[in-house]
Amino acid sequence: MVERDREFVEFVEGAGAALRRTAFLVSGDRHRADDVVQDALYKLYLAWPKVRRVSNPFAYARRMVVNAAYDGKRRPWRREVTIADVPDQAGYDDFAAGHAERDEVLAALQALGPRQRACVVLRYYEDLSVEQTAEILGCSTGTVKSQAARGLDTLRRAIDQRRASRAL
């Protein structure tokens, strides 16, 4: 195996799971997240000779993943085509209480717009600073602050509404 390939494989083994989690949280779909990460890693591999010299290749890869997940939602020709028959899905009753709360948060997260969702995921799940989030999303720090605040407010209201409706 060539040195370049070995380094890339090591990078993917170390960063792959984190990139998939970020892609899932931004896109809201596990299959879409896998596609986004695969596309990003393909592009990253092609650029690996340049990227491996960057001080933080993970940040570079994460930006590629977030941009791809975010960008795919805006382009209608990349959207999935709906089908008439919905495949069988497990109900939420199958999950333990901890998973139910997690699913509740994920469902509320999907109700956010793509920009707010990306800001919330990067700021509070990835624990990035406002500046790092702004750099990844290519926007101002003020936009990150406002979108994150609005996103958190929307999440709180959505979760409160779900809990109130279950209490009835």
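Here's a walk through this structure, going from model confidence to helix α7 and then to one residue in helix α6.

Keep in mind that this is a predicted model, so confidence is a sensible place to start. Across the protein chain the mean pLDDT is 81, with 80% of the residues at 70 or more. Helix by helix, the low point is α5 (residues 97–110), where the mean is 74, while α7 (residues 130–137) comes out highest at 92. Then there's the stretch over residues 90–96: its pLDDT is below 50, and beyond near neighbours in sequence it has 3 contacts in the model.

Let's look at α7, then, since confidence is highest there. V130, T133, A134, I136 and L137 are the buried residues in this helix. Look down the axis of α7 and those buried residues fall within an arc of 165°, so they line one face of the helix. Turn to the face pointing away from that buried side and you'll find E131 and E135, which are exposed. Just past the end of α7 sits G138, with a positive phi of about 70°.

Now step back along the chain to helix α6, which covers residues 114–125 and includes Q116. Is Q116 buried or exposed? Its relative accessible area is 17%, and buried means under 20%, so Q116 counts as buried. As for what surrounds it, leaving aside residues up to four places away in sequence, Q116 touches Q147, R150, G151 and T154.

Technical notes
Residues numbered from 1 in each chain as written. Predicted model: local features only at pLDDT ≥ 70, side-chain atom pairs only at ≥ 80, totals over all residues. Heavy atoms only, no water. Helix = DSSP H or I, 4+ residues; strand = E, 2+ residues; numbered from the N terminus. Buried < 20%, exposed > 50% of the residue type's maximum accessible area, 1.4 Å probe, protein only. Contact = heavy atoms within 4.5 Å. pLDDT = per-residue confidence, 0-100. Arc of directions from axis to C-beta.
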